[in-house]
Amino acid sequence: MIGALMLDIAGTELTQEDIALLQAPQVGGMILFGRNIESPAQVRALTDHMRRIRPDILIAVDQEGGRVQRLKQGFSLLPAMGKFGELFLSEPEKALSLAEQSGWLMATEVLAVGIDFSFAPVLDLNDISDVIGDRGFAKNIQDIVPLASAFLKGMKAAGMASTGKHFPGHGSVQADSHVAAAIDSRTYDEIYAKDMQTFIKLMPQLDALMPAHVIYNQVDPNPAGFSPYWIQTVLRQQLGFDGVLFSDDLSMQAACVAGGADARIQAALHAGCDMGLVCNDRAAACVALEGISQLALPNQARLERMRGQIPNVNVQSTLHLGEDWAKVRDQVELFRLS
């Protein structure tokens, strides 16, 4: 059974404390960071160990491309998504082809080392946000939708579920919600007409969404990830989205408005999130776990959709995943360096 908390570990292998935590019923996911990565072989050994302890665990990573990619040593480096948007202006067909190839390449490598999914792609506008920037594909919906759709197609072809982030849009908010409260004072109609359209148009292709740690104060006083209005009324009822909802990291500064880690994850789950993330703070993760220990487990059928098609391969210190992989890797690398 899959629990409602996703947390992390400190090193490149499991400690006894990690193993004990993995066995808690409400732990449902593990997320890997750069500090957990030494080589493809080491990552596969780590994920295999996690599954021996907890066969139903979901394992995730942030492998977007550009400045947000945790798997580097021995893996293909991916271009920032904004690079596709730049190419799309002059060579749209080439940009779409490369976006699809990059989605497939990312997913193929992530799955090969035993990770179920990457929290990708970012569907925010590349607008005024300090933290989004070129993590977004482009500055307008007309360019984002076809590029993100191509990237999603590549991910799916490789066997990976997708997570669009950060609903209903973080690109029009300047503050970085990792380190500050992020407030968007636009009306619902303005947000709907601009930022939300990317998510709405791509929703049929998305397996999961991650709400933004942004307070849209003309709409609701809570950050979107703690808001029954955004999650239940807008996403579930009005837009009919039945995929998984992951909270963004509940250790981020913008999440602290909800109180301690136990209050934050309770707020996220009660609002309608399926799983809450508490990262880079083991003490907070333990408090969060205790805070939800008596809650019912989340929707299992929904969360099972995030399980990746992980191949039974012998992963070495350097990846070797076949001729198609090598060809795509070379093309994407050439584009990244161009």
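**A walk through the helices**

Start by selecting helix H3 (residues 81-88) together with helix H5 (residues 141-158): their axes come within 10 Å and cross at roughly 120°. Keep in mind as you go that this is a predicted model. At that crossing angle H3 and H5 are oblique to each other, since the oblique class takes in whatever is left outside the parallel, antiparallel and perpendicular ranges, the last of which runs from 65 to 115 degrees. As for handedness, the H3 and H5 crossing is right-handed.

Now show side chains where the two helices touch. From H3, pick Met81, Phe84, Gly85 and Phe88; from H5, pick Asp143, Pro146, Leu147 and Phe151. Colour this contact of H3 with H5 by character and you get six nonpolar residues, one polar and one charged.

Next stop: helix H6 (residues 188-193), where you'll find glutamate 190. Is it buried, exposed or partly exposed? Glutamate 190 has a relative accessible area of 41%, so it counts as partly exposed. While it's selected, add arginine 52 and draw a line between the C-alpha atoms: the pair is 49 Å apart in space, and 138 residues apart in sequence.

Last, jump to helix H8 (residues 228-238) and select its buried residues, which are Trp230, Ile231, Val234, Leu235 and Arg236. Turn the view to look down the H8 axis: these buried residues fall within an arc of 165°, so they line one face of the helix. Then step past H8 to glycine 240, which follows the helix and has a positive phi, near 65°.

Terms used
Residues are numbered from 1 along each chain as its sequence is written. This is a predicted model: local features need pLDDT of at least 70, side-chain atom pairs count only at pLDDT 80 or more; totals for chains, interfaces and linings use all residues. Side-chain values use heavy atoms; hydrogens and water are left out. Buried means under 20% relative accessible area, exposed over 50%, partly exposed in between (1.4 Å probe, protein chains only). Helices (H or I, at least four residues) and strands (E, at least two) are DSSP runs, numbered from the N terminus. The arc is that of the directions from the helix axis to the C-beta atoms. Axes are lines fitted to C-alpha atoms, for helices over the stretch in contact, and angles run from 0 to 180 degrees between N-to-C directions. Angles under 35 degrees count as roughly parallel, over 145 as roughly antiparallel, 65 to 115 as roughly perpendicular and the rest as oblique. A crossing is left-handed if the near helix is turned anticlockwise from the far one by less than a right angle, and right-handed if clockwise. Contact means heavy atoms within 4.5 Å. Ala, Val, Leu, Ile, Met, Phe, Trp, Tyr, Cys and Pro count as nonpolar, Asp, Glu, Lys and Arg as charged, and the others, Gly among them, as polar.
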